[in-house]
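Me: I'm new to reading protein models. Could you show me how the terms are decided?

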Amino acid sequence: QVQLVESGGGLVQAGGSLRLSCAASGRSFSSSVMGWFRQAPGKEREFVAGVTWSGGSTYYADSVKGRFTISRNNAVNTVYLQMNSLKPEDTAVYYCAASRGAFSSVVPTNPLAFGSWGQGTQATVSS
C-alpha cells in the first residue's frame, strides 16, 4: 500500500501554470505506475496523465496533451504534474494514484486499476 499526499493546487488565471506534487510513502512507490486524475463538480473522475514505474513512458488524455507534463523522481518518492496554458475547463480536484500492479510498462486509464489514492488538491482556473 502506498500513502499519497498531493499539494500545489490553487487559483490561477487562464493561460497560467500550476505544478502539482504528490509525495508518496511506502515501499511500492518505485514499482508502481503513477497517475493523475481529476474530478470536476457533477462529473465523473477522469484520467489526466500517467507514468510508468521507471518514468520511461508517459500517457496523456487528449484534452491535456501538449499542455501538461507528468514526471516522477523515485529517489524522493514524488510524482509531479506540470500544468501550463491552463483553461477554465481544467478546474477540478486533482488526485494522484498508484497502480495495483508492479513494474508494468503500460499506463492504465481506468481508475479501478489504481489501488491507492491521495486526498486531492483543488485547482481553479479563472477566465
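Reply: Happily; here are some questions and answers about this structure.
This is a predicted model, in which local features need pLDDT of at least 70 and side-chain atom pairs count only at pLDDT 80 or more, while totals for chains, interfaces and linings use all residues. Residues are numbered from 1 along each chain as its sequence is written, and side-chain values use heavy atoms, with hydrogens and water left out.

Me: Why is Thr-121 called buried?

Reply: Buried means under 20% relative accessible area (exposed is over 50%, partly exposed in between; 1.4 Å probe, protein chains only). Thr-121 has 11% relative accessibility, so Thr-121 counts as buried.

Me: What makes the link of Thr-121 and Gly-9 a polar contact?

Reply: A polar contact is a pair of N or O atoms within 3.5 Å; within protein, one must be able to donate a hydrogen and the other to accept it, and residues adjacent in sequence count only if both atoms are side-chain atoms. The Thr-121 side chain reaches the backbone nitrogen of Gly-9 at 3.2 Å, so the pair fits the distance limit.

Me: How do you know that Cys-22 and Cys-96 form a disulfide?

Reply: A disulfide is a pair of cysteine sulfur atoms within 2.5 Å. For Cys-22 and Cys-96, S to S is 1.9 Å, so the pair qualifies. A search of the whole structure finds 1 disulfide.

Me: Are these cysteines buried or exposed?

Reply: Cys-22 is buried because its relative accessibility is 0%, and Cys-96 is buried too, with a relative accessible area of 0%.
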